[in-house]
Amino acid sequence: MTPFHSVSGVAAPMMTPNIDTDVIMPKMFLKGVDRSGLGEGAFNLLRFRAGGPNPDFVLNRDGYRDACFLVVGPNFGCGSSREHAVWGLQQLGIRALIGTSFAGIFGDNCANNGLLTISLDAATVGTLAGIVASPASNRLTIDLEPQTIRIDGGSTIPFPIEPARKEAFLTGRDAISSTLVLADDIRAFEARHRADNPWF
C-alpha cells in the first residue's frame, strides 16, 4: 500500500446517505480480470450522462475535479462487497473518506487497500461538509501521526483510529507484509513445532 502520513488537498461533499457499492462502481465495470480502467468506473453513472460529463455531479464542478478527500453521508459503501469500489476510488485519486459510518466489509476493504476512512460524530461531519461545500474553503490536510484534520486557515479536528490500522497506513504494510515482518519468528515456531511433533 502507499504509506499515508500527511496529505493535503481538495475535499468534496457527498452527503447522500447509503451510497452503495453499485453507485460507487457500477456492475458493468466488474468484467475485467485486472484493476485497469476502474477510475473511469468510479461513480460512472453519476459523473457522466449522454453527451459527456454531468455538470451537476460535484466532482465535475470547478474547484472539485482534483478532489482527494470525500466528506460522505452515513453508511457509505453499503451493498455488495465489491473490492472494485475501493480500487476505483483510489484510481480516481481519492486518498481518504470522512463520514459518520461506513459499511463493515467496505471499511475493511478500504483498510486492506490503503484508503483511509475517518469516522466522526454527525455534527462534526455536517460542519465539515458545510465548510468544504464552498471551493473557497475546501482544502484540508490530514495528518495521520497526530490524527488530525486541519482546515486551511481554520481549526483542527482530531479523529480516532485503531493503533494497528494506523501503523499499517503509516508503514504502507498490507496484511501479508505485516505478517512477513514476523517471518523469522514464524519460521522458528515451525521448526520447533516439527521437532516437538515429529508424527505430523
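In this predicted model, the backbone oxygen of Gly39 lies 2.9 Å from a polar atom of the Arg47 side chain. Arg47 is buried and yet forms no salt bridge. This briefing covers the surroundings of Arg47 and Asn54, the sheet around strand β7, the contacts of Ser6, and a selection of salt bridges.

**Arg47 and its surroundings**

- Arg47 belongs to helix α3, which spans residues 44-47.
- The nearest side chain of opposite charge to Arg47 is that of Glu40, 7.6 Å away. A salt bridge requires a side-chain nitrogen of Lys or Arg within 4 Å of a carboxyl oxygen of Asp or Glu, so the pair Arg47 and Glu40, at 7.6 Å, does not qualify.
- The backbone of Glu40 does take part in a polar contact: the Arg47 side chain reaches the backbone oxygen of Glu40 at 3.3 Å.
- Apart from neighbours within four places in sequence, Arg47 is in contact with Gly39, Glu40, Ala42, Pro53, Asn54, Phe57, Asn60 and Leu92.

**Asn54, a contact of Arg47**

- Asn54 is located in the loop between β3 (52-53) and β4 (69-72).
- Is Asn54 buried or exposed? Its relative accessible area is 15%; because buried means under 20%, Asn54 counts as buried.
- The side chain of Asn54 reaches the backbone nitrogen of Asp56 at 2.9 Å.
- With neighbours within four places in sequence set aside, the contacts of Asn54 are Leu46, Arg47, Phe48, Arg49 and Asn60. Asn60 thus appears among the contacts of Arg47 and among those of Asn54.

**The sheet and strand β7**

- An open sheet of 7 strands runs in the order β6-β5-β4-β1-β7-β8-β9, and its pairing is mixed.
- Strands β6 (116-119) and β9 (156-158) stand at the edges of this sheet; each has a single partner strand, so one side of each is left without a neighbour in the sheet.
- Neighbouring strands of the sheet are turned by 30° against each other on average, with direction ignored.
- Strand β7 (residues 139-143) is mostly covered, with 4 of its 5 residues buried.
- On one side, β7 is joined to strand β1 (residues 6-14) by 5 bridges, and the two run antiparallel.
- Strand β7 is also joined to β8 (residues 148-151) by 4 bridges, again in an antiparallel arrangement.
- Leu140 of β7 has a partner in each of these strands: Gly9 stands opposite Leu140, and Ile151 is its bridge partner in β8.
- The hairpin of β7 and β8 has 4 residues between the strands, and Gln147 there takes a positive phi near 60°.

**Ser6 in strand β1**

- Ser6 is found in strand β1 and is partly exposed, at a relative accessible area of 45%.
- Beyond its neighbours within four places in sequence, Ser6 is in contact with Thr141, Ile142 and Asp143.
- With Asp143, the contact includes a polar one between the two side chains, at 2.4 Å.
- Ser6 and Pro146 are 140 residues apart in sequence, while their C-alpha atoms are 9.7 Å apart in space.

**Salt bridges**

- The count for the model comes to 7 salt bridges.
- One of them joins Asp22 and Arg82, whose closest N and O atoms are 3.0 Å apart. This pair links distant parts of the chain, with Asp22 in helix α1 (residues 21-24) and Arg82 in the loop between β4 and α4 (84-91), 60 residues apart.
- The two partners differ in exposure: Asp22 is partly exposed at 30% relative accessibility, whereas Arg82 is buried at 15%.
- Another salt bridge brings together the side chains of Arg65 and Asp62, at 2.6 Å from N to O. Both Arg65 and Asp62 are exposed.
- Arg165 forms a salt bridge with Asp108, the closest N and O atoms being 3.5 Å apart. Here too distant parts of the chain are linked: Arg165 lies in helix α7 (residues 163-171) and Asp108 in helix α5 (residues 104-113), 57 residues apart.
- Arg165 has a relative accessible area of 26% and Asp108 one of 40%; because partly exposed covers values between 20% and 50%, Arg165 and Asp108 both fall in that class.

Technical notes:
Residues are numbered from 1 along each chain as its sequence is written. This is a predicted model: local features need pLDDT of at least 70, side-chain atom pairs count only at pLDDT 80 or more; totals for chains, interfaces and linings use all residues. Side-chain values use heavy atoms; hydrogens and water are left out. Buried means under 20% relative accessible area, exposed over 50%, partly exposed in between (1.4 Å probe, protein chains only). Two strands pair if DSSP finds at least two bridges between them. Axes are lines fitted to C-alpha atoms, for helices over the stretch in contact, and angles run from 0 to 180 degrees between N-to-C directions. Contact means heavy atoms within 4.5 Å. A polar contact is a pair of N or O atoms within 3.5 Å; within protein, one must be able to donate a hydrogen and the other to accept it, and residues adjacent in sequence count only if both atoms are side-chain atoms. Lys and Arg count as positive and Asp and Glu as negative; His and the chain ends are not counted.
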